[in-house]
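Here is a short guide for anyone opening this structure for the first time. Have a look at the model below, and then read on.

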Amino acid sequence: MNIARRPRVGHIAFLNCMPIYWGLARTGALLELDLHRAAPDELSRLLVDGDLDIGPITLVEYLRHADDLVLIPDPAVAADGPVLSVNLVSRVPLVELPAAPRVALASHSRTGVLLGRMLLEDRYGRKPSYTVTSPDLASALEGSFDGRGADAAVLIGDEALRVHHDPQGHHVLDLAAEWRDWTGLPMVFAVWAVRRDYAEASPGIVKDVHLAFTESVRRSREEIDEVVASAARWEPFEPAALAEYFDRLQFGLSERHLAGLREFASRAARYTGMGPDPASRIAALPEGGPEFFAAGPGARIRTPRTPAKKGNPLWPSS
Ligand SMILES: C=C(O[C@@H]1C=C(C(=O)O)C=C[C@H]1O)C(=O)O
């Protein structure tokens with residue numbers, strides 16, 4: 001009897017990942033994977049606990065567990081400027097926020113919410129109090145803080161994109177744009193990681209999965225009008241809005257993205273209280289980190305692909 005099992009691979013249940021997975025169905029690679037679709041916090045936990053082998057992990061959780069993981073250079077979820085879907089949403093403009101605002105943090109976010117904290121505390125000199133809430137606008141702004149409500153909320157994913165397009169009188173600050181203004185660098189929200197033990201036991205499978213994703217993103221780039229049409233059929237966004245969104249998102253790690261990732265990591269090391277464990281800290285990345293998957297002698301995937309010169313620089317060139 002054949003006891004081989006398919007690699008267990010995560011899939012973030014957000015629109016931003018659609019171009020990453022679209023091509024897997026086109027090429028047939030989808031049938032080779034045991035795909036698990038969930039919110040990013042759940043997928044990060046499954047990978048860290050060893051219940052997934054490969055997949056997306058929010059940057060903060062990767063940094064916390066870098067000892068057990070190695071990265072593949074694409075895909076990734078990043079933006080060099082506005083991302084449209086990681087937002088600080090407030091009742092009044094940022095400059096009018098009180099010195100000690102009440103800020104609600106979406107429960108399924110780890111990286112966007114830490115970015116929001118960094119900006120509020122270190123860039124804008126606020127001393128917020130925080131609470132973790134359900135990741136929708138109404139729960140975050142109205143239902144939080146024992147029903148008193150929040151001054152502002154950090155939202156991510158489809159809900160944040162929805163608020164970007166329909167703010168209903170709220171003020172919306174794009175946190176990836178803020179990060180770029182502040183540091184001059186792109187923001188990396190999620191990376192694709194492999195459990196170190198799995199990479200050592202099954203390097204050939206990891207190589208295949210990496211190639212399948214690279215090919216998938218390439219196909220999506222070629223067939224972007226179809227990706228947009230398919231998403232627009234089921235999602236509450238106009239095709240033009242989706243096309244703009246997929247154009248802003250970046251799906252690979254260039255040297256510039258790694259510089260952004262390292263800058264975020266060094267700033268993040270000063271913070272505690274990420275995720276469910278209030279005492280948790282982010283260790284500094286080791287010198288030369290992050291560490292990339294090595295498929296074996298002579299096949300090290302160490303150097304990230306340089307982004308394509310023409311067109312959208314975020315789609316990895318092949
Ligand atoms: C750009 C985004 O990045 C996401 C942000 C995450 C976080 O804040 O922890 C996790 C996964 C990413 O997909 C988004 O969700 O809009």
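The shell around the ligand is made up of 10 nonpolar, 7 polar and 1 charged residues. This is a predicted model, and in it 18 residues surround the ligand. If you would like to find them on screen, start with the closest, which are T58, S85, S109, G112 and F189. Three elements give two or more residues to this shell: α4 (111–123), α6 (157–165) and β10 (187–195).

Where does the ligand lie with respect to domain 1 and domain 2? Both domains give residues to the shell, so the ligand lies between them.

**The two domains**

The domain assignment splits the protein into domain 1 (8–78 + 188–268) and domain 2 (86–183). Their C-alpha centres are 24 Å apart. The two also touch: 18 residues of domain 1 are in contact with 13 residues of domain 2. On the domain 1 side, the elements giving two or more residues to this meeting place are α2 (40–48), α3 (59–64), α11 (239–248) and α12 (255–268). Sorted by class, that side of domain 1 has 12 nonpolar, 2 polar and 4 charged residues.

**An open sheet**

Next, follow the strands. An open sheet is formed by 5 strands in the order β7-β6-β8-β5-β9, with mixed pairing. At its edges are β7 (129–133) and β9 (171–174), each of which pairs on one side only. On average, neighbouring strands of the sheet are turned by 25° against each other, direction ignored. Helix α7 (residues 175–183) packs on the sheet, where it touches β5 (86–90) and β9. The direction of α7 makes about 50° with that of β9.

As background, strands of a sheet pair through backbone hydrogen bonds, either parallel or antiparallel. Strand β6 (residues 102–106) is a good place to see pairing in this model, with β8 (residues 152–156) as one of its partners. The table sets out two pairings of β6.

| Strand pair | Sense | Bridges | A bridge partner pair |
|---|---|---|---|
| β6 and β8 | parallel | 3 bridges | A104 and A153 |
| β6 and β7 | parallel | 5 bridges | A106 and T133 |

Is β6 largely enclosed or open to the outside? Of its 5 residues, 4 are buried, so β6 is largely enclosed by the rest of the structure.

Note on methods
Residues numbered from 1 in each chain as written. Predicted model: local features only at pLDDT ≥ 70, side-chain atom pairs only at ≥ 80, totals over all residues. Pairing = 2+ DSSP bridges. Axes fitted to C-alpha atoms, helices over the stretch in contact; angles between N-to-C directions. Contact = placed C-beta atoms within 7 Å. Near = placed C-beta within 6 Å. Nonpolar A, V, L, I, M, F, W, Y, C, P; charged D, E, K, R; others polar. Domains from an automatic or database assignment. Buried ≥ 20, exposed ≤ 12 C-beta atoms within 10 Å, placed from the backbone.
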